[in-house]
Amino acid sequence: MKYYLIAGEASGDLHGSNLISELKKFDLAADFRCFGGDLMEQAGGKIALHYRKMSFIGIWEVIKNLRTINATLEFCRNDLIAYHPDVVILIDYPGFNLKIAEFAKGKGYKTIYYIAPKVWASRRSRIKRIRRCIDRLYVILPFEKKYFNERNCEAEYLGNPLTDAIANFKPYTPEEFRLKNQLDERPVIALLAGSRKMEISLCLPEMLKVCKDFTDYQLVVAGAPSIQASYYDQFTSGCGVKIVFNQTYDLLSNAVAAVVVSGTATLETALFNVPEVVLYKLSTPTFIIGRPFVHIRFFSLVNIIMDRQVVKELLQFHLTRDIRKELFLILTNQEYRNRMLEAFNKLREIIGNPGTSGRVAKSIFEFINE
């Protein structure tokens with residue numbers, strides 16, 4: 001079988017790579033062509049376009065880059081036709097992938113959406129397109145199955161693929177991690193500032209402003225795999241922080257606390273049992289334009305899944321002041337810290353066991369061979 005996978009960011013690349021590895025177990029003659037990244041390539045996918053060329057975030061940034069986005073869409077449509085796959089697998093990244101889904105369905109290809117668009121948070125009208133263009137929908141948050149099914153859009157929840165990535169992770173020892181990255185003996189605070197240049201440029205400076213308040217700790221930035229080290233220099237110069245690349249899970253394994261940009265990383269941090277504060281900042285035009293279209297109580301996955309505030313969420317304004325306050329609580333108030341860790345234990349029970357990628361691969365293989 002021929003599989004065409006599309007992922008537009010680092011998390012999609014990770015989950016796409018695990019899906020490729022599992023599909024190979026069911027389909028020994030499988031061939032994969034991808035819009036993705038290094039991990040999907042290492043798993044055996046032929047990369048048509050790297051996701052780093054597709055990373056735009058926010059309404060304003062999308063508008064500014066419309067010409068590039070439209071050219072990429074056209075390239076993808078032509079490439080898909082030339083490859084002529086048996087199935088198109090769309091991984092998250094809804095702004096781009098729903099357009100491709102519509103095109104692929106119109107051309108008669110089977111369409112699968114893995115990691116469903118978060119229509120429960122914003123752009124609820126997208127569910128009509130999903131219902132019309134997607135043959136099989138896999139959700140990765142427990143409550144999403146009910147949400148979609150109640151709206152006449154059949155969905156399957158087979159677990160969250162983060163559990164696979166974490167279960168398969170083989171960490172360095174603390175000593176190896178410190179030596180490899182030239183860290184000292186102070187406890188580590190992890191800074192996870194996102195995977196796109198725009199969110200890094202807006203959020204990382206806010207994080208770094210607290211350096212001088214926590215000199216008994218060493219702040220370490222998780223470098224995004226698609227971003228050059230030189231890009232971080234403009235923010236970290238003179239701060240005395242370290243940057244580690246391709247070691248986010250090792251960083252979390254060695255951290256006593258974390259400051260995390262909202263997204264998949266908030267859930268990863270919780271699953272590693274690291275107390276965290278979550279923040280997000282958009283460009284001012286994007287924030288003003290987009291705010292009326294967001295319909296959720298919380299914006300971090302931890303709080304959304306638990307349906308209550310487990311971790312503190314900071315949005316747009318007064319970030320540095322509030323990061324400082326929340327980190328101080330996490331690091332010095334044991335009762336506060338323990339409450340968060342107890343909630344993380346319940347979160348893991350809700351998410352379920354590893355093996356998601358294999359279960360989804362098996363379901364996909366059976367579907368395309370019906």
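In helix α13, the buried residues are Ala265, Thr266, Leu267, Glu268, Thr269, Ala270 and Leu271. That is a friendly place to start in this predicted model, since α13 is mostly covered, with seven of its eight residues buried.

**Around helix α13**

What does α13 lie across? The helix, made of residues 264-271, lies across the strands β8, β11 and β12, and it runs at about 165° to β11. If you follow the chain onward, α13 is followed by Asn273, which has a positive phi near 65°.

**The sheet beneath the story**

The strands just mentioned belong to an open sheet of six strands with parallel pairing. Reading across the sheet, the order is β10-β9-β8-β11-β12-β13. β10 and β13 stand at the edges, and each has a single partner strand, so one side of each is left without a neighbour in the sheet. From one strand to the next, the twist averages 25°.

Here are some strands of this sheet with their residue ranges:

| Strand | Residues |
|---|---|
| β8 | residues 188-192 |
| β9 | residues 218-223 |
| β10 | residues 242-245 |
| β11 | residues 255-261 |
| β12 | residues 276-280 |
| β13 | residues 312-315 |

Take a look at the edge formed by β10. Strand β9 pairs with β10 in the parallel sense over four bridges. Within this part of the sheet, Val220 stands opposite Lys242 in β10.

**Two helices that pack together**

Now turn to another pair of elements. Two packed helices are described by the angle between their axes and the distance between the axes. Helix α1 (residues 10-26) packs with helix α18 (residues 356-368) at an angle of about 55°, and their axes are 8 Å apart. This angle makes α1 oblique to α18. The crossing in which α1 passes α18 is right-handed.

Which residues meet here? From α1 come Asn18, Leu19, Glu22, Leu23 and Phe26. Their counterparts in α18 are Ser357, Gly358, Val360, Ala361, Lys362, Ile364 and Phe365.

**The nonpolar core**

In soluble globular proteins, nonpolar side chains tend to be buried together. In this model, the largest nonpolar core has 130 residues, and the members that touch the most others are Leu5, Ile89, Leu137 and Phe148. Helix α17 (residues 334-351) gives the largest share of this core, seven residues.

Ile89 is a good residue to find in the viewer. Leaving out residues up to four places away in sequence, Ile89 touches Tyr3, Tyr4, Leu5, Ile6, Leu19, Leu23, Ile112, Tyr114 and Ile364. Among these, Leu19 and Leu23 also take part in the meeting of α1 with α18, as does Ile364.

Key: Residues are numbered from 1 along each chain as its sequence is written. This is a predicted model: local features need pLDDT of at least 70, side-chain atom pairs count only at pLDDT 80 or more; totals for chains, interfaces and linings use all residues. Side-chain values use heavy atoms; hydrogens and water are left out. Two strands pair if DSSP finds at least two bridges between them. Helices (H or I, at least four residues) and strands (E, at least two) are DSSP runs, numbered from the N terminus. Axes are lines fitted to C-alpha atoms, for helices over the stretch in contact, and angles run from 0 to 180 degrees between N-to-C directions. Contact means heavy atoms within 4.5 Å. A nonpolar core is a set of buried Ala, Val, Leu, Ile, Met, Phe, Trp, Tyr and Cys residues joined through side-chain atoms within 4.5 Å. Buried means under 20% relative accessible area, exposed over 50%, partly exposed in between (1.4 Å probe, protein chains only). Angles under 35 degrees count as roughly parallel, over 145 as roughly antiparallel, 65 to 115 as roughly perpendicular and the rest as oblique. A crossing is left-handed if the near helix is turned anticlockwise from the far one by less than a right angle, and right-handed if clockwise.
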